[in-house]
Amino acid sequence: ENCGDSYKDSYTNKLVVNKAKVSTKELVLGGTITAKAAAEGGSGSYTYAVLYKKNYDTKWVLKQDYGTNDTVTIKPAKAADYNICVKVKDSSGTEVKKFFTVKVNAKLANSSTVSTETVKLGETVKATAKATGGMGGYTYAFYYKKDYDKKWVTAQGYKANSAVSIKPAKKATYNICVKVKDKDGTIAKKYFNVLVQ
């Protein structure tokens, strides 16, 4: 169906304008989208309907049939681009639709790696940060310590650089922690143990 924002009302000769909005253009799975219906022009009072679908689906899901409630919340069940259609109808039966696309990202996942889990004293371990999902704009931080120490040493604070080399100073088991952060500030951590012989 095509999206017309306004339609001439034959009864009053005034345009019905669909002023609907959605709360966001992008979010992470688990969040919600709020569709706020509004209109002006036309005749009398308005009723609103809200439908949605994943953009690759052909069938729309009716979230709310025509009614006076103007605020509808949708909780996407999958990471995909969602199409949202807000319909408004005035009392003469004139219907105007407005369409939105909202990108739903998978949750932030940390798929970082280390080059080895066993190293000889004097050699280095390379930690490589990798992230998927979330809101993008990733930065990476790296920490390490001997497993019997309580305090972590910062190899790198949050930066765009996604790999660091760590050179353990003692024969011990070292813990390495790689953190990834997206632009919304969500953090995902991954831990590794490296044996230094």
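The following exercises, each with a worked solution, concern a predicted model of a protein.

**Exercise 1. Establish the secondary structure and overall dimensions of the protein.**

Solution. Begin with the secondary structure: the protein has 21 strands and 0 helices. Next, take the extent of the C-alpha trace, which spans about 85 × 30 × 25 Å along the principal axes. Finally, set the radius of gyration against the globule rule. The protein has 26 Å, whereas a compact globule of 197 residues would have a value near 16 Å.

**Exercise 2. Describe the burial, contacts, surface and charges of the protein as a whole.**

Solution. Start with burial: 39% of the 197 residues count as buried. Then turn to the contacts with a separation of 6 or more; residues 24 or more positions apart account for 58% of them. The accessible surface comes to about 10,900 Å², and carbon and sulfur atoms hold 48% of that area. As a last step, consider the charges. There are 34 positive and 17 negative charges, and their mean positions lie 10 Å apart.

**Exercise 3. Identify the largest nonpolar core, the strands that supply it, and the surroundings of I84.**

Solution. The largest nonpolar core comprises 23 residues, and V22, V50, I84, V86 and V88 have the most contacts inside it. At least two residues of this core come from each of β5 (33-36), β7 (47-54), β9 (71-74), β10 (81-89) and β11 (95-105). Now examine I84 itself, leaving aside neighbours within four places in sequence. I84 is in contact with V22, I33, V50, L51, Y52, W60 and I74, and also with K98, F99, F100 and V102. Apart from this core lies another, of 20 residues, which includes V119, V125, I176 and F192.

**Exercise 4. Determine whether V180 and D182 are buried or exposed, and list what each touches.**

Solution. First locate the two residues. V180 belongs to strand β20 (residues 173-181), while D182 is in the loop between β20 and β21 (187-196). Next, apply the cut-off, under which buried means under 20% relative accessible area. V180 counts as buried because its relative accessibility is 0%. D182, at 4% relative accessibility, therefore counts as buried.

Then consider contacts, not counting residues up to four places away in sequence. V180 touches L108, A109, N110, S112, A129, K130, A131, T139, Y140, T186, I187 and A188. D182 touches L108, G134, M135, G136, G137 and Y138. L108 thus appears in the list for V180 and in the list for D182.

Finally, take two distances between C-alpha atoms. V180 is 26 Å from S23, with their positions 157 residues apart in sequence. D182 and K36 are separated by 28 Å and are 146 residues apart along the chain.

**Exercise 5. Classify K36 and K54 by accessibility and describe their surroundings.**

Solution. Begin again with location: K36 lies in strand β5, and K54 lies in strand β7. For the classification, buried means under 20% relative accessible area and exposed over 50%, with partly exposed in between. K36 has 41% relative accessibility and so counts as partly exposed. K54 counts as buried because its relative accessibility is 19%.

The contacts follow, once more not counting residues up to four places away in sequence. K36 touches A20, K21, D70 and T71. K54 touches K78, A80, D81, Y82 and N83.

To complete the solution, add the C-alpha distances. K36 and K25 are 14 Å apart in space and 11 residues apart in sequence. K54 and V72 are 17 Å apart in space and 18 residues apart in sequence.

Definitions and conventions
Residues numbered from 1 in each chain as written. Predicted model: local features only at pLDDT ≥ 70, side-chain atom pairs only at ≥ 80, totals over all residues. Heavy atoms only, no water. Helix = DSSP H or I, 4+ residues; strand = E, 2+ residues; numbered from the N terminus. Rg over C-alpha atoms; globule rule 2.2 N^0.38 Å. Buried < 20%, exposed > 50% of the residue type's maximum accessible area, 1.4 Å probe, protein only. Contact = heavy atoms within 4.5 Å. Areas by Shrake-Rupley, 256 points an atom, 1.4 Å probe, with all protein chains shown as cover. Lys, Arg positive; Asp, Glu negative; His and termini not counted. Charge placed at Lys NZ, Arg CZ, Asp CG, Glu CD. Core = buried A, V, L, I, M, F, W, Y, C linked by side-chain atoms within 4.5 Å.
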